[in-house]
Amino acid sequence: MLPGSHIFRLSCQISGLPALFGYPKETETMVRIKAEMFPPSPLLQSSKPMNNNTVLYVLLGGLILLLICLILLILFRKLIKPVELKEIILQSKRKPAAPDYFSGNLRTISYFDFRTLRKATKNFNPANQLGCGGFGPVYKGKLDDGRMVAVKKLSLGKSQQGEAEFLAEVRLITSIQHKNLVRLLGCCSDGSQRLLVYEYMENRSLDGIIYGKVDHFLDWSTRYQIILGIARGLQYLHEDSHIRIVHRDIKASNILLDEKFQPKIGDFGLARFFPEDEAYLSTNFAGTLGYTAPEYAIRGELSEKADIYSFGVLLLEIISCRKNTDLSLSSEMQYLPEYAWKLYERSKVIDVVDPKLQKDGFVEKDVFQAIHVAFLCLQPHPNLRPPMSDIVAMLTCKVDMVATPTPVKPVFLDRKPRNNNKNNLISSEIISAESFPSPMLSDSPSIARPHN
């Protein structure tokens with residue numbers, strides 16, 4: 001054997017082979033493997049205990065590091081208040097989730113940057129202001145791609161919504177689509193700024209025309225087109241949409257007109273999503289005086305019939321081309337619905353029609369039919385007012401007007417101001433609840449609907 005070598009004896013039993021192959025039963029093999037000698041590891045040679053000074057240094061360094069962290073934490077809490085810290089955390093959580101609010105919509109809307117809208121409206125220049133709704137001014141804007149838009153800037157004091165709630169409401173609004181509803185193109189929620197971006201309507205709002213702000217005459221064909229379009233838009237909100245919606249602020253300034261004078265209902269700032277299983281909601285008054293249904297103004301009973309009442313007032317405004325309340329006129333003519341009813345009782349209702357329209361010419365049958373529909377919308381009790389689907393049928397002559405119910409005298413709210421209440425916000429609409437009992441609690445029968 002060679003020096004520095006080791007001998008291993010390998011023994012293996014091989015079975016199942018015939019002896020004919022010359023294999024013995026046991027084979028012994030001598031294998032010489034030269035062992036290479038490696039120097040022993042210093043770690044294995046000795047394991048001396050750690051020096052006491054080293055342990056002391058490690059502990060001291062850890063204590064110093066912990067002390068520095070505590071000092072930084074105290075300074076951080078003093079510089080940034082817990083409320084501000086919480087807001088920072090919430091904002092960081094909101095921003096990544098913002099696009100998710102628009103997932104699954106029936107159509108896609110844009111999320112605009114505040115700088116983009118500020119540039120489009122020339123820094124919200126008063127010269128570009130189209131009007132001012134209940135929740136803020138509306139500005140005309142032009143985007144970089146040349147599109148004209150209407151930007152509604154919500155007033156900070158009147159909108160208490162957070163970003164999540166604002167975007168959730170935008171998602172609901174974008175889920176309703178109809179040709180007679182103004183289309184929402186997008187929104188912006190940047191810090192405290194809340195903005196809505198709508199399609200721009202070439203002929204602006206209806207009030208500018210019928211109140212004489214714009215020198216533009218509408219013939220009867222165009223007026224009828226506007227009346228029918230508003231009715232169909234309300235029918236969609238009340239009956240055909242997947243969610244039941246009460247607009248709460250149907251009036252001339254919230255009816256926008258495109259380049260062909262097709263009407264579109266706008267400004268859903270006061271709209272309420274109405275439960276299907278409830279006859280009405282008890283809520284605080286919100287809306288515009290002169291268009292408000294009595295049961296809503298007095299008792300806060302809100303239903304889709306409040307919109308129908310407002311539509312009746314608006315219909316008379318379109319026919320007469322005047323405001324529903326004009327204190328510059330004689331006392332008998334100041335409140336339009338009351339004046340129109342008096343003319344109806346005297347069989348002189350034709351006098352309520354716009355004098356310019358009388359000169360231009362119109363089909364009396366169609367105008368009388370529209371006035372008849374207006375009076376049905378102004379019925380004193382909500383259950384006497386027909387639904388919007390019946391109103392559309394009456395306006396399109398799908399129902400024989402002889403078969404329609406005869407309207408009863410509407411309840412007109414007292415318009416005399418109270419002298420003992422200077423802060424009364426509804427001074428022009430005073431009537432006691434006792435003289436106007438709730439139809440929801442009474443046994444007064446409903447007038448049968450006409451058959452379509």
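This is a short tour of a predicted model, stop by stop, with something to select at each one.

**The whole chain**

Start with everything shown as a cartoon. The protein has 13 helices and 14 strands. Of its 452 residues, 41% count as buried. If you switch on a surface, the accessible area comes to about 26600 Å², and carbon and sulfur atoms account for 56% of that area. Contacts also reach far along the chain: among those with a separation of 6 or more, 64% join residues 24 or more positions apart.

**Stop 1: helix α2 and its nonpolar patch**

Select residues 52-79, which make up helix α2. Now narrow the selection to residues 55-76, listed by UniProt in an unreviewed entry as "transmembrane region". Over residues 55-76 the chain is 100% helix and 0% strand, with 32 Å between the end C-alpha atoms.

Next, show the side chains of L60, I64, L67, I68, I71, L72 and L75: together they make a nonpolar surface patch of about 660 Å². An α-helix has 3.6 residues a turn, so residues three or four places apart point the same way. That is worth keeping in mind as you turn the view. Pick L67, one of the patch residues. Is L67 buried or exposed? L67 is exposed, because its relative accessible area of 52% is over the 50% cut-off.

**Stop 2: H247 and its surroundings**

Move to H247, in the loop between β9 (244-246) and β10 (255-257). H247 has a relative accessibility of 0% and so counts as buried. To see what surrounds H247, leave aside residues up to four places away in sequence and select N254, I265, G266, D267, F268, L270, A271 and D307, which H247 touches.

Which backbone atoms does the H247 side chain reach? One is the backbone nitrogen of D249, at 3.1 Å. Another is the backbone oxygen of G266, at 2.9 Å. Draw both distances and leave them on screen.

**Stop 3: a salt bridge at D267**

D267, one of the residues that H247 touches, leads to the next selection. Add K152: K152 and D267 form a salt bridge, with 2.8 Å between the closest N and O atoms. K152 lies in strand β6 (residues 148-153) and D267 in the loop between β11 (263-265) and β12 (272-274), so the pair ties together parts that are 115 residues apart in sequence. Both partners count as buried, K152 at 6% relative accessibility and D267 at 16%.

This is one of twelve salt bridges in the structure. Side chains of opposite charge can pair when their charged atoms come close.

**Stop 4: E304 and R244**

Go back to H247 and draw a C-alpha to C-alpha distance to E304. The two residues are 57 apart in sequence and 8.1 Å apart in space. Then bring in R244, whose side chain meets that of E304 in a salt bridge (2.6 Å, N to O). This pair links distant parts of the chain, with E304 in helix α9 and R244 in strand β9, 60 residues apart. E304 counts as buried at 18% relative accessibility, and R244 counts as buried at 11%.

**Stop 5: T292, R299 and E301**

Select T292, in the loop between β13 (281-282) and α8 (294-299). T292 is buried, with a relative accessible area of 8%, and its side chain reaches the backbone oxygen of T288 at 2.9 Å.

Now select R299 and E301. They form a salt bridge, the closest N and O atoms being 3.2 Å apart. How exposed is R299? R299 is partly exposed, with a relative accessible area of 24%, whereas E301 counts as buried at 7%.

**Stop 6: helix α13**

Finish with residues 388-395, helix α13, which is mostly covered, with seven of its eight residues buried. Colour the buried ones: M388, D390, I391, V392, A393, M394 and L395. What covers them? The cover includes α7 (220-240), α9 (304-320) and α12 (364-377). Helix α9 is also where you met E304.

As a last click, select C397, which follows α13 and has a positive phi, near 60°.

Notes. Residues numbered from 1 in each chain as written. Predicted model: local features only at pLDDT ≥ 70, side-chain atom pairs only at ≥ 80, totals over all residues. Heavy atoms only, no water. Patch = residues over 30% accessible without salt bridge, like charges linked within 9 Å, V, L, I, M, F, W, Y side chains within 5 Å. Areas by Shrake-Rupley, 256 points an atom, 1.4 Å probe, with all protein chains shown as cover. Salt bridge = Lys/Arg side-chain N within 4 Å of Asp/Glu carboxyl O. Helix = DSSP H or I, 4+ residues; strand = E, 2+ residues; numbered from the N terminus. Buried < 20%, exposed > 50% of the residue type's maximum accessible area, 1.4 Å probe, protein only. UniProt positions renumbered as here; feature names shortened; annotations may be inferred. Contact = heavy atoms within 4.5 Å. Polar contact = N/O pair within 3.5 Å; in protein donor to acceptor, adjacent residues only side chain to side chain.
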